[in-house]
Amino acid sequence: MEQYAIKGGNPLVGEVEIGGAKNAALAILAAAAMTDETVTIENVPDLRDTMAMLQAMESIGIRVEKLDRHTIKINAGTINDLIIEDDSIKKIRASYYFLGALLGKYKKAEVALPGGCNIGLRPIDQHIKGFRALGADVRIEHGLIITEAKRLVGSHIYLDVVTVGATINIMMAAAMAEGQTIIENAAKEPHVVDVANFLNSMGASIKGAGTDVIRIKGVQKLHGTEYAIIPDQIEAGTFMFAAAVTRGDVTVKNVIPKHLESISAKLIEIGCEVEESDDAVRVVAAKPLTHTHVKTLPYPGFPTDMQPQITVALGLSKGTSIVTESIFENRFKYVDELTRMGANIKVESNTAIIDGVPKYTGASLTAPDLRAGAALVTAALAAEGISTIDDIKFIERGYEDFPQKLQSLGAQIEKVCTERELQKFRLKIG
Ligand code: UD1
């Protein structure tokens, strides 16, 4: 039994440092396998998912050295296998990045089919379409995706949907293909740009990342580099919404405010004050929250990974709000948990209709996935009384030191492992 025990009701107040972006780190770690030279990556978040990625890299002979908690030195010159089927990798979505990285460098890769959060069907047809357009053969056998090519040759690829994963994967493979590749309808997320910058720092030639047309001139060889990962937009956004729901005053530090614009805009709409400086954003929730409508969209739209967090806030906002999920079809599973806390939310297909209630009350909750789990923590921090949250392994996939960071803002939250520890928490907080 590992759970978070939370006593709600304290406004979160203070400053919190945001770590490196999980989704950029996962791709960049895989891309580090594309050179025989040493790569040093800073600002790598210390998370279950990044650890799983590193473990998988070690399982094929890549040398991984932790210089400190967030700085990793990688040398893939010692790679001795192109089959990745380590148990821990099967649980994470980003395992698919080894396909693009190893296909680019070695023209062959075999990787266990990706896992990750159960938030709906998560096809990889666009990744496969891209690899095939570059001349690779792709097949699925015995739970592995196998891709190989005699030669990879640049191509003109139109993505049918805007997908972060396929954009990055194709970009990695194309970085070492012969000639020019153009990806149209590419994803524009900050981590797409970060991966492109990382590859360029290794000698790749990628232009246009951050727009919907990316042009890649293949190179024969990539070299070593030192690189720092961008801050995590979603970790920052989660703390910003935690400030809103607890009616607090929180400054998220070490962020790129531009990446948070869609999140800041919604917070302002629901009645918060948002102050931006060079590398920090302060959210003050002094007034009662009010309703709004939101639809998740690819960047620069409102991120699907912030959908549960905004729903928690709108559940406490005066009036009726509508949240439309346009990226993943099964991303409202946490609403049942919120209902048990007193929320008034009706889900119809990909839309949640939310009638704001004045308060939530504590309950025994289960995290259904990573972001919904974090959102339930924020709901519990706002609620009257005590909540417990099970299945926190999901939350630990994407939030480093989550309870400690929240405690530093005045939250009453503890990770407990036994019934006895839970009792102790109850006694301590009175
Ligand atoms: C990544 C993120 C995830 C985030 C999502 C959208 C990682 C490890 N995960 O997931 O946190 O919620 O981006 O920002 O970085 N699609 C296809 N075919 C494909 C690929 C995707 O139809 O081949 C569809 C998906 O079903 C989804 C949409 O495209 O509806 C976007 O998916 P994508 O951006 O690829 O998400 P992931 O890479 O799975």
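**View 1. Polar contacts hold the centre of this view, with the ligand and Thr163 in the frame.** In this predicted model, an N or O atom in the side chain of Thr163 sits 2.8 Å from an oxygen atom of the ligand. Val164 uses its backbone instead: one of its polar backbone atoms is 2.8 Å from a ligand oxygen. At Ile327, a backbone N or O atom is 2.5 Å from an oxygen atom of the ligand. On its own the ligand would expose 740 Å², and the protein buries 89% of that area.

**View 2. Here is the shell of 20 residues around the ligand.** Tyr96, Asp125, Gln126, Asp305 and Ile327 come nearest. By class, the shell has 9 nonpolar, 6 polar and 5 charged residues. Helices H4 (125-133) and H5 (164-175) each supply at least two of these residues, and H4 gives the largest share, with 3. Because domain 1 (3-19 + 231-429) and domain 2 (22-228) both give residues to the shell, the ligand lies between them.

**View 3. This close-up shows the largest cavity, with a volume of about 40 Å³.** The structure holds 2 cavities of 30 Å³ or more. Residues lining the largest cavity include Gly19, Gly20, Lys22, Pro45, Asp232 and Tyr399. Its lining has 3 nonpolar, 3 polar and 4 charged residues, and domain 1 and domain 2 each provide at least three of the lining residues.

**View 4. Last comes the second largest cavity, with a volume of about 40 Å³.** Look for Pro231, Asp232, Gln233, Ala236, Val255, Ile256, His259 and Leu260 along its lining. By class, these are 5 nonpolar, 2 polar and 1 charged.

Methods
Residues are numbered from 1 along each chain as its sequence is written. This is a predicted model: local features need pLDDT of at least 70, side-chain atom pairs count only at pLDDT 80 or more; totals for chains, interfaces and linings use all residues. Side-chain values use heavy atoms; hydrogens and water are left out. A residue is near a molecule or strand if one of its heavy atoms lies within 4 Å of it. A polar contact is a pair of N or O atoms within 3.5 Å; within protein, one must be able to donate a hydrogen and the other to accept it, and residues adjacent in sequence count only if both atoms are side-chain atoms. Accessible areas come from the Shrake-Rupley method with a 1.4 Å probe; for residues, only the protein chains shown count as cover. Helices (H or I, at least four residues) and strands (E, at least two) are DSSP runs, numbered from the N terminus. Ala, Val, Leu, Ile, Met, Phe, Trp, Tyr, Cys and Pro count as nonpolar, Asp, Glu, Lys and Arg as charged, and the others, Gly among them, as polar. Domain bounds come from an automatic or database domain assignment. On a 1 Å grid over the protein atoms alone, a cavity is a set of points where a 1.4 Å probe fits but cannot get out, and a pocket is an open set with protein on both sides within 12 Å along at least five of seven lines; lining residues have an atom within 4 Å of a point. Grid points are joined across faces, edges and corners, and a volume is the space filled by probe spheres set on the points.
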